Amino acid sequence: MNNEIKIALIKAKTLRDSLSGKEPDQELMKALQIGQTKVVNGVTYVVKMTPNGTLDWRVLKPTKKSGKKKNLKKIEDLFDTADFPDLSDLKEVSSLGGSTGAKLVEDTKTGKKYVMKQGNSKEHVEEEFMANAIYKLFDVKVPNMKLYKGDVESTVLSDYIPNTVPANEIMDEQLRDDIADNYILDCLLSNWDVYKNDNILIDTDTGDFIRVDNGGALRYSAQGRPKGEDFSEEVEEIDTMALHNPFMAEGLTDAKMKKQIKQILLKGENIISIIEDDDLKKKMYARLMDLKEFVTDEPKDPYRQLKERDLKRALRRAGHVMNTNNKQGWIFLSEICKMRGFDGTPEMLPSKEFDKQLKQEGALLLNRGLTGSYGKTAKDYMKEFTESEDCFYGTQAMYGAGIYAAVNAAKKNPPPPNDDYAIALDYAGFEKNHILDILVTPDTRIVDADELDRMMNEEFFGEEFKEKKDEYDKINDVYNELKNQKERIEDEIDFNVKKDLGWNEKSFNVLNRAKPEEVYADTEKFSFQKPLRFYTKLIESLNGTVQKIDKTTYEIKLPNTAKTFWLSPEIAERSLKQKNANTNPYNYHYKRLKEFIKENHYNLIRGKVADEIEKRRRDDPKMVGINDKMKEAQSKIKDLADEIEKIKTTGSSTVNEVMAEIIKRPGGTHRGFYAAIKGYDMIVNKRGWGTNTDFAVILNRSKVKVREFK
Amino acid sequence: MEKGYFIPEKGLSEENQIQRNLITSIRISKVIDYILENKSLLDFKIKQPLVSNLDYKGFEIQTQKSHNFEDLPRWVKQIVYKAEHIKHFDLMFRQYLLDRDIYPREYKSKNPKLQQDILLDWMFLNKIDTSILNIE
């Protein structure tokens, strides 16, 4: 089918779909170009990029006839090239190096010097010229230049600026801020390397800083390789270039970036108009629309569904979902919460008003205990929670990333004593004044932690998985409780056997930590009496005996063995040993005594414990019953695990890059990320700490209210 | 593994840390990454992850039985001790690498023979028993 006919059919179908309220097929729409029109019933429709990033048809609004022509600059007017020579009049002076072999050339007629570039390809050098032209549109200093377009190769000739110094060699905060005045433009142009090496030079004659090497801008890298999807329809560079050039990004605020974006958008049409390449034109249009998202003044619903691009942006800024810093805690969580406005400061209420509002049905009281660290006091942290612009979400948590607090079920602080409050007090290092009282209003969007886990399982892996996982968790619970029962019985056996046979924990620790064989190794330095006293005390604590048989022999007996150890000063005198020059000398005789005690008392008792446990496992009906039930549960667990693995691999959920990270560990810390993405203000875990206290994980700081504190 | 290792918290006094280490959520959250993932640069002779994603829920329920770590079931504490053991040595090794200007990513990209040489040097320097690791 002829291409023109094909396009006409696509136009007709997609416009028909759009007019009937259906979203047109994006694959078909990609065959059309932004700006293409079609007239139906006297109305002109045009292909446009929507704020959602999709292509659709819109009614072409007639432009107002103002009598004034739009002052769009043309590319040929951007540079002053009247005096530029023919390429044939140039002679090479020297090579300037660089990624694609720039040369210093001279006009043989005038003696004027130029920099000549041909890039890695015709397309590459033309793209570099386009980047420079866009910079020129915004009066950003680039060398004056001319593009000599050829069929096979193209050449860019630019004025040679002799007296320069790389900006990086004299970079300071002032220069950085001046250069960063065009940070967003650098990002829009995807000029990855602009802040590196000597790509920005300072003209020492004029003081101007000039972006001289923009070969890595737009769709090509500095080496001329196509960037492909790395030059995308989203201006990801706003985040990535900040990550790779942290010094440059330091002085940038949201306000400054928004101002730069607005300035760029004012000339958006001009940018599009000077681009000839259709693909680049389309991409640049999408990128400008992406920038527009940053500056829209429409109030955003804090509980709106976040788009994939929002999640990707948060992930880009964080680097990884688990990355943290001292200002925000979990950066990813913080970015999501910022997008929702959750990071606003809470309202402070005088005590009376706080108590009054707490009486509302459905209101909750939370207690958050704080401790000083990193040179800050607990009071500093309390003030940070209530006043600081940056909401700190924490860096350590196992039940969900976020800000923790105990739910005070009684809705009242002591007196009388209150177990929930006691938990917070523990976290506050037992300082009452280091506890924040937090009010949760009835309209707070709270999600139960278990419910959240089910939601995650269903979303990531489907309904069938969720049901199987529920079943798995129930049986696993049963199994774990059986394990606990078994352990309690074994602990009891352990306790009783050790008690009966004279286990002494204190002496055990002394035996393990002390090194009498080294301390008293040298019998010339330490008389025999010292190790004798040491061991006598130890052995008597185990109900053993040390009996002097004659002048040179002591008989050592322990209560649970018929074996005897003969301790002798004469033997000790002959027992000094040393393994090698790097080890301490020791007395072999004293060492053997130590081993005798370990072996014939402690290890023997351990053996008896193990025997008794083994016997009970065989003969005690209760233990036998527990073991049988554990085996049964284990078998079911294994079968379910296998089924679950199969379901996971054939699951039907489609997940984006961000969710793929969260899936890796559904539950735990990641629960907090998921809840924030879904727009919950708070997670509450009903089981909580110990058996009674629920705990809350706060995500929306702006939603809660705090009792005033001194 | 009887008692685990004390994993320090930066910026807090020793007294404070000891007190906090008695609390379940604080003690376990210090090593939760090491429980759920094979995060260490060192290849221990311990099956990892210590708790799989499937079993995490069950493990979590058990950790919520007591605010005081010592009152938790023994098998739960054993898992935490193992994680502390792994993290303790992992952090030591990472510091050893950093002292020699070797970033973890660089270490991982070195060939196995070179990795082993670095590892063995560290182990001998710190008198660590080589049998704890899977070294060929």
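**Entry 1: pairs along β8**

I began with Lys146(A), which stands opposite Leu157(A) in β8(A). The model I am reading is predicted. I then looked up another pair and found Tyr148(A) opposite Thr155(A), again in β8(A). On the β6 side I looked for the partner of Val115(A) in β8(A), and I noted Ser158(A) as its bridge partner.

**Entry 2: the strands beside β8**

How many bridges link β7(A) and β8(A)? I found four, and the two strands pair in the antiparallel sense. Strand β7 of chain A covers residues 145–148. I followed the chain from β7(A) to β8(A) and found a hairpin that joins them through six residues. I then turned to strand β6 of chain A, residues 113–117. With β8(A), β6 also forms an antiparallel pair, over four bridges.

**Entry 3: the sheet**

In what order do the strands of the open sheet lie? I wrote down β4-β5-β6-β8-β7 of chain A, five strands with antiparallel pairing. At the edges I found β4 (90–97) and β7 of chain A, each of which pairs on one side only. I looked up the angle between neighbouring strands of this sheet and noted 30° on average, with direction ignored.

**Entry 4: is β8 buried or exposed?**

I checked strand β8 of chain A, residues 155–159, and found five of the five residues buried, so the strand is largely enclosed by the rest of the structure. For a residue to count as buried, its relative accessible area must be under 20%. I sorted the residues of β8(A) by side: Thr155(A), Leu157(A) and Asp159(A) are on one, and Val156(A) and Ser158(A) are on the other. Both faces are covered.

I also looked for a helix at these strands. Helix α3 of chain A, residues 122–137, lies across β6, β7 and β8 of chain A. I noted that α3 runs at about 145° to β7(A).

**Entry 5: cysteines**

How many disulfides does the structure hold? I counted zero over all chains. I looked at Cys391(A) and found that the closest cysteine sulfur to its own is in Cys337(A), at 7.1 Å. A disulfide needs the two sulfur atoms within 2.5 Å, and therefore the 7.1 Å between Cys391(A) and Cys337(A) is too far for a bond.

Is Cys391(A) buried or exposed? I noted a relative accessible area of 3%, so Cys391(A) is buried. I looked up Cys187(A) as well; its relative accessibility is 0%, so Cys187(A) counts as buried.

Methods:
Residues numbered from 1 in each chain as written. Chains lettered and ligands numbered in written order. Predicted model: local features only at pLDDT ≥ 70, side-chain atom pairs only at ≥ 80, totals over all residues. Heavy atoms only, no water. Buried < 20%, exposed > 50% of the residue type's maximum accessible area, 1.4 Å probe, protein only. Pairing = 2+ DSSP bridges. Axes fitted to C-alpha atoms, helices over the stretch in contact; angles between N-to-C directions. Contact = heavy atoms within 4.5 Å.
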